[in-house]
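Trainee: I should like to learn how the features of a model are read. May we take them in turn?

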Amino acid sequence: MNRYVKKTCAAALSVMIAASSFGCSSSKDSIEIPTLIEPQNIETTTVRVERADIRVYKSEAARVEPKGEEVCFAMDGTVERVFVKQGDFVKQGTLLAELSVEEYEKAIPKLEEQLADLLEGFEKEDKQLAKREKELADDVARLKREVRQTSGDARNQRRTQLEIKEIEQERFLTEKESRLQDRQKQEEEIRKQLEEMNESKNSSQLFSPIDGYVLNQPLNLIGERFHKEDAAFVIYDGSQMYVSGSYYTEARFDKMAEHYALIDGQRVEMSYIELTEEQKKTLSMRAVPGATISKRVQYQLNPKEGQTLKFGDFAMLFFVTEVRENVLTLPTDLVRMEGGGYHVFVYRDGERKEVEIIPGLRDNCRIEILSGLEEGDIVYAQH
């Protein structure tokens, strides 16, 4: 209905209302109550039922992360020099940093002096032990001769003296053996300390174990004290990139129709990274019955030849759980639920009719139509 017709109808309606209000009619029975016509200023659109694919998916934002390898010094110490900076690409074997060896340069001579003094003391002790051992051996030999050369009470006396001296000799030899073992342990302990310190001194330099990029602020390391188990650097391999996403079991991940990342307009495939039993146990914990704790894990990115990924790139992850191909569909917002059923308005035989439908799968945009509509039907939408 155009604007002119609307105005005409409105004017006629106004005249009728005015006549009724001011008593223009001479008889109450002759007054007619006006019939309101359906408003015609509502915007409407039509959409055709058509075939399309329905894709149910979950999407989430992520950042490209590199596979990092922690690099630790082989010894405790204080960083003296750093030879690389963050973002540098380094080859395997590149010198990264160097620890101060001043403390070892002081400690090693002291240990060497301690070892020399110990060995000198052992040498003096060896002479004393040899002298005492000879004295006991001579006494035993003399008493044996005297036992053979005497008789009677004198012989018995010498035999008793011999037995005492042999016991003393045996005790001495036992104590000597124990002392020699203790000395050997002392010497081995100092030599081991010396060996470890020399190895540490020679291991003060830290080299990259792989080709990759430096992933920290190494200049801040200068003057820092490190233990052997502390990571001084992280080198990441640019050829192995990951994204962190919501946790799915491996079985569920494998059953998905698709799983990929969109990075800089390019589709990059993802693969599952096998988890340890401890990780699985942690990730499958439930906060409350029926609700899994939201955990994020890493999925490996597998770029095709020519695709370049950079650390920090923005990525949209898509986990497509179900796909229905070439099914009847409508935009989701055209379907309304009333009285426990789903309804749409269609144009049929020149009239607008309300039709109940049975919906199927739906995604963020469209809904599958299982029955109630046919391909090509015109669906009426009122805004």
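**Reading the features in turn**

Mentor: Let us begin with a single residue: N326 is found in strand β15. The model is a predicted one. N326 is not a glycine, yet its phi is positive, at about 55°.

Trainee: Which other residue has a positive phi although it is not a glycine?

Mentor: D264 does, with a phi of about 55°. D264 lies in the loop between β10 and β11. These strands form a hairpin with two residues between them.

Trainee: Is D264 buried or exposed?

Mentor: The relative accessible area is compared with a cut-off, and a residue is exposed when the value is over 50%. D264 has 70% and is therefore exposed.

Trainee: How is strand β10 itself placed with respect to the rest of the structure?

Mentor: Here one counts buried residues along the strand. In β10, residues 258-263, five of the six residues are buried, so the strand is largely enclosed by the rest of the structure.

Trainee: Which strands pair with β10, and in what sense?

Mentor: Pairing is read from the bridges. β10 pairs with β15 (residues 314-331) in the antiparallel sense over five bridges, and H259 has F319 of β15 as its bridge partner. β10 is also joined to β11 (residues 266-272) by four bridges, again antiparallel. In that pairing, L262 stands opposite R267 of β11.

Trainee: What general idea applies to the side chains of a strand?

Mentor: In a regular strand, side chains alternate between the two faces of the sheet.

Trainee: What is the strand order in the open sheet of four strands?

Mentor: To read a sheet, one follows the neighbours from one edge to the other. The order is β6-β5-β3-β8, and the pairing is antiparallel. β6 (205-207) and β8 (225-226) are at the edges and have a single partner strand each, so one side of each is left without a neighbour in the sheet. Between β5 and β6 there are three bridges, and the strands run antiparallel. A97 has L206 of β6 as its bridge partner.

Trainee: How should I read the packing of helices α2 and α3?

Mentor: One takes the angle between the axes and the distance separating them. For α2 and α3 the angle is about 165°, and the axes are 9 Å apart. Angles over 145 degrees count as roughly antiparallel, and α2 and α3 are therefore roughly antiparallel to each other. Their crossing is left-handed. The residues of this contact comprise 21 nonpolar, seven polar and 21 charged.

Trainee: What can be said of M197, which has its place in α3?

Mentor: M197 has a relative accessibility of 23% and so counts as partly exposed. The C-alpha atoms of M197 and E103 are separated by 9.7 Å, while the two residues are 94 apart along the chain.

Trainee: Which residues of the largest nonpolar core touch the most other members?

Mentor: A core is read through its members and the elements that supply them. The largest nonpolar core has 26 residues, of which F73, L96, F233 and I235 touch the most other members. At least two residues each come from β3 (77-82), β5 (95-99), α2 (102-149), α3 (152-202) and β9 (231-246). The largest share, six residues, is supplied by α2.

Trainee: How many residues make up the second core?

Mentor: The second core is separate and has 23 residues, among them L283, L309, A315 and F319. F319 is also the bridge partner of H259 described earlier.

Terms used
Residues numbered from 1 in each chain as written. Predicted model: local features only at pLDDT ≥ 70, side-chain atom pairs only at ≥ 80, totals over all residues. Heavy atoms only, no water. Core = buried A, V, L, I, M, F, W, Y, C linked by side-chain atoms within 4.5 Å. Buried < 20%, exposed > 50% of the residue type's maximum accessible area, 1.4 Å probe, protein only. Axes fitted to C-alpha atoms, helices over the stretch in contact; angles between N-to-C directions. Parallel < 35°, antiparallel > 145°, perpendicular 65-115°, else oblique. Left-handed = near helix turned anticlockwise from the far one by under 90°. Nonpolar A, V, L, I, M, F, W, Y, C, P; charged D, E, K, R; others polar. Pairing = 2+ DSSP bridges.
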